[in-house]
Amino acid sequence: MANISMESRMSTTHSNISNSKKDHNQHGAVIEDIEGLIKVYKDGYVERPPIVPNVAAAVGQELNLFCKDVIIDKLSNLWARFYVPKCQGKQLPLLIYFHGGGFCVGSPSWICYHEFISKLASASGCVVMSVNYRLAPEYRLPKAFDDGFNSVMWVKQQATMRSNNDQRWWLNSCNLSKVFLGGDSAGANIAHNVAKQIGASGLINPLTLKGIILVQPFFGGEQRTYSEKYLAQPPNSALSLTVSDVFWRLSLPTGSNRDHQWCNPLVKGATRLEDLRIPPVMVCISEMDILKDRSLEFCNAMRRAGKSVEQVMFMGVGHAFQILHNYQLSQTRTHEMISHIKAFINK
């Protein structure tokens, strides 16, 4: 799985963004390894096998969408893939979406994300902006949060320039009083932290943030939950406890443990949930996901803090089922998830 640019040019990256091909022996021992996804060598070299195909911004006619990639910031390779329903004269909600991948892998152009987001945009009747953010370990947190916040600020900038703007092809389809943040796994973590930053800054006018959609949010902590310790995972599971720990070691600031507030939002010393200025939240939880109990704890804590939380459990499936289709019930549950998201957005 590759850390790609919009041109999908690279399947391996180096911390200094060098494109030179080097003999792996020059990089020393492998110090972190998630089979098929990512290898990190002693000298900092990062290898991401291109296990998932990257696809162009094109969708089938039956989805009735415009789809196009847009550069937000060339220097940081921040870009987004837009999915715009063909509804002439009608303004639609805008969902700013962040993909999963443990902060370390993934892209809006991965075929699995492209297919899911295109179906979501078509079925829910909303414009979706699927954001490509910088990946760890080359860019550890909070870089992904910075990219997420900057993508929202970019939308704000386009909105203030609406009358003289080459982004009108998607902007004119958006009802900017109905903006949502969403994501799955690590992307849900990004959506949560970007929403916190927006609430603290209050700087997104003329945009109005109406809700947050957290799908299987990738949170953690030093103390294991019951589902992390005891929920058996099938061989095709997208997330094991071992893989989760590697992702956190690669993405958190050097020297941090899993009780950093970017990993554990409920840890002592994190921003008090009562103090968060955030809109209603929908949390999608998978019954067979090791993160199930942590998601339930988060929902309960948010409710105790007086926040509006809608909790949806998807039975018989695990982490990222809607992206990887690795469970017998994946297709059925994906349709259910899209229906719940549509209802939440169109309240």
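Colleague: Which residues of α2 are buried in this predicted model?

Modeller: The buried residues of α2 are Ala 144, Phe 145, Asp 147, Gly 148, Phe 149, Ser 151, Val 152, Met 153, Trp 154, Val 155, Gln 158 and Ala 159.

Colleague: What span should helix α2 have, and how far apart are its end C-alpha atoms?

Modeller: Helix α2 covers residues 143-160, which is 18 residues. At 1.5 Å a residue, the expected span is 26 Å, and the end C-alpha atoms lie 25 Å apart, so the two values agree.

Colleague: How does one describe the packing of two helices?

Modeller: Two packed helices are described by the angle between their axes and the distance between the axes. In the case of α2 and helix α4 (residues 186-201), the angle is about 60 degrees and the axes are 9 Å apart. The two helices are therefore oblique to each other. Their crossing is right-handed.

Colleague: Which residues of α2 and α4 make the contact?

Modeller: On α2, the contact is made by Ala 144, Phe 145, Gly 148, Phe 149 and Val 152. On α4, the residues are Asn 189, Ile 190, Asn 193, Val 194, Gln 197, Ile 198 and Ser 201. By class, seven residues of this contact are nonpolar, five are polar and none is charged.

Colleague: At what angle do helix α1 and helix α9 pack?

Modeller: Helix α1 (residues 111-124) packs with helix α9 (residues 330-345) at about 50 degrees, and the axes are 9 Å apart. An oblique angle lies between the parallel and perpendicular ranges or between the perpendicular and antiparallel ranges; α1 and α9 are therefore oblique to each other. The crossing in which α1 passes α9 is right-handed.

Colleague: Which residues form the contact of α1 and α9, and how do they divide by class?

Modeller: From α1 come Phe 116, Lys 119, Leu 120, Ala 123 and Ser 124, and from α9 come Thr 334, Met 337, Ile 338, Ile 341 and Lys 342. These divide into six nonpolar, two polar and two charged residues.

Colleague: Turning to a single residue, where is Ile 38 placed, and is Ile 38 buried or exposed?

Modeller: Ile 38 belongs to strand β3 (residues 38-41). A residue counts as buried under 20% relative accessible area. Ile 38 has 1% relative accessibility and therefore counts as buried.

Colleague: Which residues does Ile 38 touch, leaving out those up to four places away in sequence?

Modeller: Ile 38 touches Glu 32, Asp 33, Val 46, Glu 47, Arg 48, Pro 49, Cys 104, Val 105, Ala 136, Pro 137 and Leu 250. As for Ile 204, 166 residues from Ile 38 along the chain, the C-alpha atoms of the two are separated by 36 Å.

Methods: Residues numbered from 1 in each chain as written. Predicted model: local features only at pLDDT ≥ 70, side-chain atom pairs only at ≥ 80, totals over all residues. Heavy atoms only, no water. Helix = DSSP H or I, 4+ residues; strand = E, 2+ residues; numbered from the N terminus. Expected span 1.5 Å × (residues − 1). Buried < 20%, exposed > 50% of the residue type's maximum accessible area, 1.4 Å probe, protein only. Axes fitted to C-alpha atoms, helices over the stretch in contact; angles between N-to-C directions. Parallel < 35°, antiparallel > 145°, perpendicular 65-115°, else oblique. Left-handed = near helix turned anticlockwise from the far one by under 90°. Contact = heavy atoms within 4.5 Å. Nonpolar A, V, L, I, M, F, W, Y, C, P; charged D, E, K, R; others polar.
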